[in-house]
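Please open the model in your viewer and keep the sequence panel visible. The stops below proceed from the whole chain to individual helix contacts and one unusual peptide bond.

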Amino acid sequence: MSLYHEWLAKIQENEKQWEAFQKAGHTVVIAGPGSGKTRVLAVKIAHLLRDEIAAPKGVACLTYTRMMAKELETRLNSLGVLDRPNVVVGTVHSFCLGYVVHPFAEVFYLDIPQPIRIAPARVWDSCLDQARRKISSVGYDPDKDSKFKIDLTKYHLQNIDSPFE
């Protein structure tokens, strides 16, 4: 039995996973750790590309974290899916940069340094520290800096789907 069929059989044993797998159209999967999300998505992508989506069309699978994107890539690779040029797996940020901002930056004469990249954590921390210092009359305080970062991150995660006002 192939790995695809083995994973498909496991999905069929779980009512919620099977329901998610059979869902037609665009799919958003929200479930806790260890619930089988990645396996369901990997098998679903393999199924779509094998049985429903003819080349040159493809699939874009976007996640919020690089860790999840890497894990999904690993599983798709084990199913032989990533050999196709019409499969995109990555974070929402990398997709936007690679397929929206970068290709059209020159059209709008934006003075954006190339290549466009997502800032590493140390740069993000530095910018966050500068912002906190500008809005606070308090000097450097490790406890307040840590709390500010936690509060801002919590706010961002809770409002990630909210439109900008």
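**The whole chain**

Of the contacts in the protein with a separation of 6 or more, 55% are accounted for by residues 24 or more positions apart. The model under view is a predicted one. Display the entire protein as a cartoon: 7 helices and 2 strands should appear. Followed along the sequence, these elements give the pattern α-α-α-β-α-β-α-α-α.

Next, switch to a surface representation. The protein exposes about 12500 Å², and carbon and sulfur atoms supply 59% of that area. Buried residues constitute 22% of the 165 residues.

**First stop: H2 against H3**

Select residues 15–22, which form helix H2, together with residues 37–52, which form helix H3. The two helices pack at an angle of about 35°, and their axes lie 10 Å apart. Their crossing is right-handed.

Now show side chains at this contact. From H2, select Gln17, Ala20, Phe21 and Gln22; from H3, select Arg39, Val40, Val43, Lys44 and His47, which they meet. Which classes of residue make up the contact of H2 with H3? Coloring by class reveals 4 nonpolar, 3 polar and 2 charged residues.

**Second stop: H3 against H4**

Keep H3 selected and add residues 66–78, helix H4. Here the axes come within 9 Å and cross at roughly 50°. An angle between 35 and 65 degrees falls outside the roughly parallel and roughly perpendicular ranges, and H3 and H4 are therefore oblique to each other. The crossing of H3 with H4 is right-handed.

For the side chains, select Thr38, Arg39, Leu41, Ala42 and Ile45 in H3, then Met68, Glu71, Leu72, Arg75 and Leu76 in H4, which they meet. By class, this contact divides into 6 nonpolar, 1 polar and 3 charged residues. Arg39 deserves a separate selection: this residue of H3 takes part in the contact with H2 and also in the contact with H4.

**Third stop: the loop after H3**

Move on to the loop between H3 and strand S1, the latter spanning 59–63, and select Pro56 within that loop. Add Ala55 and display the backbone atoms. Is the peptide bond that joins Ala55 and Pro56 cis or trans? The bond is cis, with omega at about 10°.

**Returning to the overview**

To finish, restore the cartoon and highlight H3 once more. Helix H3 packs with H2 at an angle of about 35° and crosses H4 at roughly 50°.

Technical notes
Residues are numbered from 1 along each chain as its sequence is written. This is a predicted model: local features need pLDDT of at least 70, side-chain atom pairs count only at pLDDT 80 or more; totals for chains, interfaces and linings use all residues. Side-chain values use heavy atoms; hydrogens and water are left out. Axes are lines fitted to C-alpha atoms, for helices over the stretch in contact, and angles run from 0 to 180 degrees between N-to-C directions. Helices (H or I, at least four residues) and strands (E, at least two) are DSSP runs, numbered from the N terminus. A crossing is left-handed if the near helix is turned anticlockwise from the far one by less than a right angle, and right-handed if clockwise. Contact means heavy atoms within 4.5 Å. Ala, Val, Leu, Ile, Met, Phe, Trp, Tyr, Cys and Pro count as nonpolar, Asp, Glu, Lys and Arg as charged, and the others, Gly among them, as polar. Angles under 35 degrees count as roughly parallel, over 145 as roughly antiparallel, 65 to 115 as roughly perpendicular and the rest as oblique. Buried means under 20% relative accessible area, exposed over 50%, partly exposed in between (1.4 Å probe, protein chains only). Accessible areas come from the Shrake-Rupley method with a 1.4 Å probe; for residues, only the protein chains shown count as cover.
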